[in-house]
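Hi,

Here is the structure I promised to pass on to you. Have a look at it first, and then read on for what turned up.

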Amino acid sequence: MRKKLEGKIALVTGGTTGIGLATAKLFRDEGARVIVTGRTTKTLEEARIHLGSTVDVLSSDAGDPAAIEALFVDIARRYERLDVLFLNAGIVRIGTIAESPLSTFEDVMRVNVVGPWLSLKHATPLFRSGGAVVLNASINARLGMVGSSAYAGSKAALRSLGRVAAAELAALGVRVNVLSPGPTDSGITEKVLDPATAAATLAHLAERIVLKRLGNVDEIARAALFLASDDSSFMTGEEMVVDGGMTRV
Ligand SMILES: NC(=O)c1ccc[n+]([C@@H]2O[C@H](COP(=O)([O-])OP(=O)(O)OC[C@H]3O[C@@H](n4cnc5c(N)ncnc54)[C@H](OP(=O)(O)O)[C@@H]3O)[C@@H](O)[C@H]2O)c1
(Lines give C-alpha, C1' and ligand atoms only; values in the text may rest on other atoms or scores of the structure.)
Protein backbone atom coordinates (compact mmCIF):
# COMPACT_ATOMS: atom_id res chain seq x y z
CA MET A 1 0.00 0.00 0.00
CA ARG A 2 1.28 3.46 -0.89
CA LYS A 3 2.44 5.44 2.12
CA LYS A 4 0.59 8.67 2.84
CA LEU A 5 3.60 11.01 2.55
CA GLU A 6 5.72 9.04 0.07
CA GLY A 7 8.37 11.27 -1.50
CA LYS A 8 7.35 14.39 0.45
CA ILE A 9 9.72 16.78 2.19
CA ALA A 10 8.27 17.60 5.62
CA LEU A 11 9.40 20.07 8.27
CA VAL A 12 8.24 19.64 11.87
CA THR A 13 9.18 22.59 14.08
CA GLY A 14 9.63 21.68 17.72
CA GLY A 15 9.94 18.03 16.77
CA THR A 16 12.33 16.94 19.50
CA THR A 17 9.77 16.00 22.18
CA GLY A 18 6.06 15.41 22.72
CA ILE A 19 3.58 15.86 19.86
CA GLY A 20 6.25 17.01 17.41
CA LEU A 21 8.46 13.98 18.01
CA ALA A 22 5.53 11.57 17.64
CA THR A 23 4.47 13.33 14.44
CA ALA A 24 7.99 13.31 13.01
CA LYS A 25 8.15 9.54 13.57
CA LEU A 26 4.79 9.01 11.92
CA PHE A 27 5.67 11.25 8.94
CA ARG A 28 8.97 9.33 8.57
CA ASP A 29 7.14 6.00 8.70
CA GLU A 30 4.67 7.29 6.09
CA GLY A 31 7.50 7.86 3.63
CA ALA A 32 8.41 11.53 4.13
CA ARG A 33 11.92 12.91 4.24
CA VAL A 34 11.58 14.65 7.61
CA ILE A 35 13.39 17.68 9.01
CA VAL A 36 12.92 18.42 12.70
CA THR A 37 13.87 21.50 14.70
CA GLY A 38 14.40 22.19 18.39
CA ARG A 39 16.63 24.40 20.45
CA THR A 40 17.77 22.46 23.53
CA THR A 41 20.99 20.48 23.12
CA LYS A 42 19.83 17.54 25.26
CA THR A 43 16.47 17.04 23.52
CA LEU A 44 18.07 17.55 20.10
CA GLU A 45 20.53 14.76 20.87
CA GLU A 46 17.81 12.47 22.22
CA ALA A 47 15.65 13.11 19.15
CA ARG A 48 18.56 12.21 16.84
CA ILE A 49 18.79 8.84 18.59
CA HIS A 50 15.00 8.32 18.56
CA LEU A 51 14.45 9.32 14.96
CA GLY A 52 17.52 7.78 13.36
CA SER A 53 19.82 8.95 10.64
CA THR A 54 17.19 9.39 7.93
CA VAL A 55 15.68 12.36 9.81
CA ASP A 56 17.52 15.71 9.87
CA VAL A 57 17.38 17.09 13.42
CA LEU A 58 18.43 20.75 13.32
CA SER A 59 19.03 23.32 16.02
CA SER A 60 16.89 26.36 15.20
CA ASP A 61 15.15 28.77 17.57
CA ALA A 62 11.50 29.03 16.49
CA GLY A 63 11.26 32.51 17.98
CA ASP A 64 14.37 34.02 16.40
CA PRO A 65 13.78 35.77 13.04
CA ALA A 66 17.35 35.31 11.80
CA ALA A 67 17.37 31.63 12.74
CA ILE A 68 14.04 31.06 10.98
CA GLU A 69 15.25 32.69 7.79
CA ALA A 70 18.48 30.67 7.93
CA LEU A 71 16.47 27.45 8.42
CA PHE A 72 14.52 27.94 5.20
CA VAL A 73 17.67 28.94 3.29
CA ASP A 74 19.17 25.65 4.51
CA ILE A 75 16.09 23.65 3.48
CA ALA A 76 16.13 25.30 0.04
CA ARG A 77 19.80 24.39 -0.34
CA ARG A 78 19.34 20.79 0.79
CA TYR A 79 15.98 19.92 -0.74
CA GLU A 80 14.94 22.77 -3.10
CA ARG A 81 11.31 22.49 -1.98
CA LEU A 82 8.95 21.83 0.93
CA ASP A 83 5.75 19.78 0.74
CA VAL A 84 4.58 19.62 4.35
CA LEU A 85 5.05 22.20 7.09
CA PHE A 86 3.92 21.32 10.61
CA LEU A 87 4.32 24.49 12.70
CA ASN A 88 4.28 22.81 16.06
CA ALA A 89 6.96 24.49 18.21
CA GLY A 90 5.28 26.20 21.11
CA ILE A 91 5.73 27.21 24.72
CA VAL A 92 3.39 27.65 27.67
CA ARG A 93 3.70 30.29 30.39
CA ILE A 94 1.21 30.50 33.23
CA GLY A 95 0.28 33.61 35.21
CA THR A 96 -2.60 36.02 35.56
CA ILE A 97 -2.60 39.21 33.52
CA ALA A 98 -2.29 41.26 36.70
CA GLU A 99 0.76 39.36 37.96
CA SER A 100 2.65 38.58 34.75
CA PRO A 101 5.44 40.77 33.39
CA LEU A 102 5.14 41.95 29.80
CA SER A 103 8.12 39.74 28.93
CA THR A 104 5.99 36.62 29.55
CA PHE A 105 3.44 37.72 26.99
CA GLU A 106 6.16 38.73 24.52
CA ASP A 107 8.08 35.45 24.91
CA VAL A 108 4.98 33.38 24.20
CA MET A 109 3.93 35.52 21.25
CA ARG A 110 7.42 35.40 19.76
CA VAL A 111 7.61 31.59 19.69
CA ASN A 112 3.93 30.76 19.18
CA VAL A 113 2.90 33.48 16.71
CA VAL A 114 5.78 35.52 15.27
CA GLY A 115 7.76 32.32 14.55
CA PRO A 116 4.93 30.65 12.60
CA TRP A 117 4.18 33.87 10.68
CA LEU A 118 7.83 34.19 9.65
CA SER A 119 8.02 30.48 8.84
CA LEU A 120 5.04 30.78 6.51
CA LYS A 121 6.67 33.80 4.89
CA HIS A 122 10.00 32.04 4.23
CA ALA A 123 8.40 28.70 3.34
CA THR A 124 6.09 30.11 0.68
CA PRO A 125 8.70 30.22 -2.14
CA LEU A 126 9.51 26.56 -1.43
CA PHE A 127 5.95 25.24 -1.74
CA ARG A 128 4.65 23.42 -4.79
CA SER A 129 1.06 22.59 -5.69
CA GLY A 130 -0.17 19.83 -3.38
CA GLY A 131 1.64 21.24 -0.35
CA ALA A 132 0.06 21.27 3.10
CA VAL A 133 0.58 23.40 6.20
CA VAL A 134 -0.67 22.42 9.64
CA LEU A 135 -0.59 24.98 12.46
CA ASN A 136 -0.65 23.46 15.92
CA ALA A 137 -2.96 25.65 17.99
CA SER A 138 -4.91 24.57 21.08
CA ILE A 139 -8.41 24.44 22.47
CA ASN A 140 -7.12 26.97 25.00
CA ALA A 141 -8.02 29.58 22.36
CA ARG A 142 -11.66 28.71 23.13
CA LEU A 143 -11.42 28.69 26.93
CA GLY A 144 -11.07 31.34 29.60
CA MET A 145 -8.66 29.35 31.74
CA VAL A 146 -7.20 31.46 34.54
CA GLY A 147 -3.52 32.24 33.97
CA SER A 148 -3.52 31.29 30.28
CA SER A 149 -3.88 34.72 28.65
CA ALA A 150 -0.58 34.72 26.72
CA TYR A 151 -0.89 31.09 25.63
CA ALA A 152 -4.60 31.24 24.77
CA GLY A 153 -4.14 34.55 22.92
CA SER A 154 -1.24 33.11 20.93
CA LYS A 155 -3.29 30.09 19.89
CA ALA A 156 -6.27 32.26 18.90
CA ALA A 157 -3.88 34.27 16.73
CA LEU A 158 -2.67 31.05 15.09
CA ARG A 159 -6.22 30.03 14.29
CA SER A 160 -6.75 33.38 12.59
CA LEU A 161 -3.40 33.20 10.81
CA GLY A 162 -4.43 29.81 9.43
CA ARG A 163 -7.56 31.23 7.81
CA VAL A 164 -5.68 34.03 6.07
CA ALA A 165 -2.79 31.79 5.00
CA ALA A 166 -5.33 29.33 3.56
CA ALA A 167 -6.75 32.12 1.40
CA GLU A 168 -3.34 33.41 0.36
CA LEU A 169 -1.73 30.04 -0.43
CA ALA A 170 -4.71 28.57 -2.27
CA ALA A 171 -3.44 30.09 -5.52
CA LEU A 172 -0.30 27.97 -5.15
CA GLY A 173 -2.36 24.83 -4.57
CA VAL A 174 -1.27 24.71 -0.93
CA ARG A 175 -3.75 23.90 1.84
CA VAL A 176 -3.50 25.35 5.35
CA ASN A 177 -5.33 23.89 8.33
CA VAL A 178 -5.25 24.32 12.07
CA LEU A 179 -5.05 21.47 14.55
CA SER A 180 -6.41 22.23 18.02
CA PRO A 181 -5.52 19.52 20.51
CA GLY A 182 -7.03 19.31 23.95
CA PRO A 183 -4.96 18.40 27.02
CA THR A 184 -2.38 15.88 25.86
CA ASP A 185 0.08 13.89 27.91
CA SER A 186 3.26 15.29 26.33
CA GLY A 187 5.18 16.63 29.32
CA ILE A 188 4.54 20.29 28.44
CA THR A 189 2.63 20.96 31.69
CA GLU A 190 5.46 19.50 33.77
CA LYS A 191 7.81 22.06 32.16
CA VAL A 192 5.97 24.96 33.82
CA LEU A 193 4.50 23.53 37.03
CA ASP A 194 6.05 21.63 39.93
CA PRO A 195 5.31 17.86 39.84
CA ALA A 196 2.48 17.90 42.41
CA THR A 197 0.72 20.90 40.84
CA ALA A 198 1.17 19.46 37.35
CA ALA A 199 -0.34 16.12 38.42
CA ALA A 200 -3.30 17.83 40.10
CA THR A 201 -3.86 20.11 37.09
CA LEU A 202 -3.77 17.22 34.62
CA ALA A 203 -6.12 15.14 36.78
CA HIS A 204 -8.54 18.07 36.94
CA LEU A 205 -8.37 18.53 33.16
CA ALA A 206 -8.90 14.81 32.54
CA GLU A 207 -12.07 15.02 34.62
CA ARG A 208 -13.36 17.82 32.34
CA ILE A 209 -12.76 15.73 29.20
CA VAL A 210 -15.77 13.72 28.03
CA LEU A 211 -13.59 10.63 27.49
CA LYS A 212 -12.23 11.11 31.05
CA ARG A 213 -8.58 10.95 30.06
CA LEU A 214 -5.84 13.05 28.50
CA GLY A 215 -4.96 12.61 24.85
CA ASN A 216 -1.72 10.90 23.96
CA VAL A 217 0.84 12.25 21.52
CA ASP A 218 0.23 9.52 18.94
CA GLU A 219 -3.46 10.45 18.73
CA ILE A 220 -2.50 14.03 17.92
CA ALA A 221 0.18 12.88 15.46
CA ARG A 222 -2.42 10.88 13.54
CA ALA A 223 -4.61 13.98 13.25
CA ALA A 224 -1.60 15.97 12.01
CA LEU A 225 -0.93 13.27 9.41
CA PHE A 226 -4.53 13.47 8.22
CA LEU A 227 -4.25 17.24 7.69
CA ALA A 228 -0.78 16.96 6.12
CA SER A 229 -1.73 14.22 3.65
CA ASP A 230 -4.07 13.96 0.69
CA ASP A 231 -6.62 12.30 3.00
CA SER A 232 -7.75 15.87 3.73
CA SER A 233 -7.42 17.09 0.12
CA PHE A 234 -10.72 19.04 0.18
CA MET A 235 -10.00 20.79 3.49
CA THR A 236 -8.39 24.19 3.89
CA GLY A 237 -8.85 27.02 6.38
CA GLU A 238 -10.35 24.46 8.75
CA GLU A 239 -9.79 23.91 12.44
CA MET A 240 -9.70 20.30 13.54
CA VAL A 241 -10.37 19.89 17.25
CA VAL A 242 -8.95 16.74 18.87
CA ASP A 243 -9.89 17.05 22.52
CA GLY A 244 -11.82 13.98 23.67
CA GLY A 245 -15.00 16.04 23.48
CA MET A 246 -13.88 18.64 26.02
CA THR A 247 -15.12 21.67 24.08
CA ARG A 248 -17.74 19.85 22.02
CA VAL A 249 -20.14 18.04 24.32
N1 LIG B 1 0.31 19.00 25.30
C2 LIG B 1 -0.84 19.62 25.23
O3 LIG B 1 -1.71 19.46 26.09
C4 LIG B 1 -1.12 20.54 24.07
C5 LIG B 1 -2.45 20.89 23.82
C6 LIG B 1 -2.71 21.74 22.76
C7 LIG B 1 -1.69 22.21 21.98
N8 LIG B 1 -0.40 21.85 22.26
C9 LIG B 1 0.65 22.40 21.40
O10 LIG B 1 1.42 21.37 20.85
C11 LIG B 1 2.71 21.87 20.51
C12 LIG B 1 3.75 20.87 21.01
O13 LIG B 1 3.67 20.84 22.42
P14 LIG B 1 3.91 19.53 23.27
O15 LIG B 1 2.73 19.37 24.14
O16 LIG B 1 4.36 18.41 22.44
O17 LIG B 1 5.08 20.05 24.24
P18 LIG B 1 6.63 19.84 24.27
O19 LIG B 1 6.96 18.40 24.49
O20 LIG B 1 7.13 20.84 25.25
O21 LIG B 1 7.12 20.21 22.81
C22 LIG B 1 7.48 21.50 22.42
C23 LIG B 1 8.47 21.39 21.30
O24 LIG B 1 8.72 22.72 20.83
C25 LIG B 1 10.11 22.97 20.91
N26 LIG B 1 10.35 24.37 21.16
C27 LIG B 1 9.84 25.17 22.14
N28 LIG B 1 10.32 26.40 22.01
C29 LIG B 1 11.14 26.38 20.93
C30 LIG B 1 11.94 27.34 20.28
N31 LIG B 1 12.01 28.61 20.71
N32 LIG B 1 12.66 26.97 19.21
C33 LIG B 1 12.62 25.70 18.77
N34 LIG B 1 11.90 24.75 19.32
C35 LIG B 1 11.16 25.08 20.39
C36 LIG B 1 10.61 22.10 22.03
O37 LIG B 1 12.00 21.92 21.89
P38 LIG B 1 13.01 22.09 23.12
O39 LIG B 1 13.03 20.79 23.85
O40 LIG B 1 14.30 22.40 22.46
O41 LIG B 1 12.47 23.24 23.96
C42 LIG B 1 9.81 20.84 21.76
O43 LIG B 1 10.38 20.12 20.70
C44 LIG B 1 2.81 23.25 21.15
O45 LIG B 1 2.62 24.23 20.17
C46 LIG B 1 1.67 23.25 22.13
O47 LIG B 1 1.18 24.54 22.39
C48 LIG B 1 -0.09 21.02 23.28
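How far does a polar side-chain atom of Lys155 lie from an oxygen atom of the ligand? The distance is 2.9 Å. Before I go further, please keep in mind that this is a predicted model.

**The ligand**

Lys155 has company around the ligand. For Lys191, a polar side-chain atom lies 2.6 Å from an oxygen atom of the ligand. Asp61 takes part through its side chain as well, where an N or O atom is 2.8 Å from a nitrogen atom of the ligand. Considered by itself, the ligand exposes 870 Å², and the protein buries 96% of that area. The space that the ligand takes up is the largest pocket. Two elements give two or more residues each to the shell around the ligand, namely helix 1 and helix 5, the latter covering residues 149–169. There are 31 residues around the ligand, and those that come nearest are Thr17, Ala62, Tyr151, Ser186 and Lys191. Lys191 therefore turns up twice, as one of these nearest residues and with the polar side-chain atom at 2.6 Å from a ligand oxygen.

**The aromatic pair**

If you look for paired rings, you will find one aromatic pair in the structure. Its members are Phe27 and Phe86, in a tilted arrangement with 6.5 Å from centre to centre and 55° between the planes. The pair connects distant parts of the chain: Phe27 belongs to helix 1 (residues 18–29) and Phe86 to strand 4 (residues 82–87), with the two positions 59 residues apart. Are these two rings' residues buried or exposed? Both Phe27 and Phe86 are buried.

**Two positive phi values**

Most residues other than glycine have a negative phi. Two residues are worth a look with that in mind. Glu80 has a phi near 70°, a positive value although the residue is not a glycine. You will find Glu80 in the loop that runs between helix 3 (65–79) and strand 4. Glu80 has a relative accessible area of 60%, so it counts as exposed. The other residue is Lys212, a non-glycine whose phi is also positive, near 60°. Lys212 sits in the loop between helix 6 (195–208) and helix 7 (217–228).

**Some buried positions and their partners**

Val36 is part of strand 2, which spans residues 33–38. Because its relative accessible area is 0%, Val36 is buried. Its C-alpha atom is separated by 6.0 Å from that of Leu58, a residue 22 positions away along the chain.

Leu51 lies in helix 2 (residues 41–51). With a relative accessible area of 2%, Leu51 is also buried. Between Leu51 and Val34 the C-alpha distance is 9.5 Å, and the two are 17 residues apart in sequence.

Where is Gly245 found? Gly245 is in the segment after strand 7 (239–242). Gly245 has a relative accessible area of 15%, which is under the 20% cut-off, so Gly245 is buried. The C-alpha atoms of Gly245 and Ile209 are 6.1 Å apart, while 36 residues separate them along the chain.

Happy browsing, and all the best!

Key: Residues are numbered from 1 along each chain as its sequence is written. This is a predicted model: local features need pLDDT of at least 70, side-chain atom pairs count only at pLDDT 80 or more; totals for chains, interfaces and linings use all residues. Side-chain values use heavy atoms; hydrogens and water are left out. Rings of Phe, Tyr and Trp (its six-membered ring) pair if their centres lie within 6.5 Å; planes under 30 degrees apart count as stacked, over 60 as edge-to-face and the rest as tilted. Helices (H or I, at least four residues) and strands (E, at least two) are DSSP runs, numbered from the N terminus. Buried means under 20% relative accessible area, exposed over 50%, partly exposed in between (1.4 Å probe, protein chains only). A residue is near a molecule or strand if one of its heavy atoms lies within 4 Å of it. A polar contact is a pair of N or O atoms within 3.5 Å; within protein, one must be able to donate a hydrogen and the other to accept it, and residues adjacent in sequence count only if both atoms are side-chain atoms. Accessible areas come from the Shrake-Rupley method with a 1.4 Å probe; for residues, only the protein chains shown count as cover. On a 1 Å grid over the protein atoms alone, a cavity is a set of points where a 1.4 Å probe fits but cannot get out, and a pocket is an open set with protein on both sides within 12 Å along at least five of seven lines; lining residues have an atom within 4 Å of a point. A molecule sits in a cavity or pocket if more than half of its atoms lie within 2 Å of its grid points.
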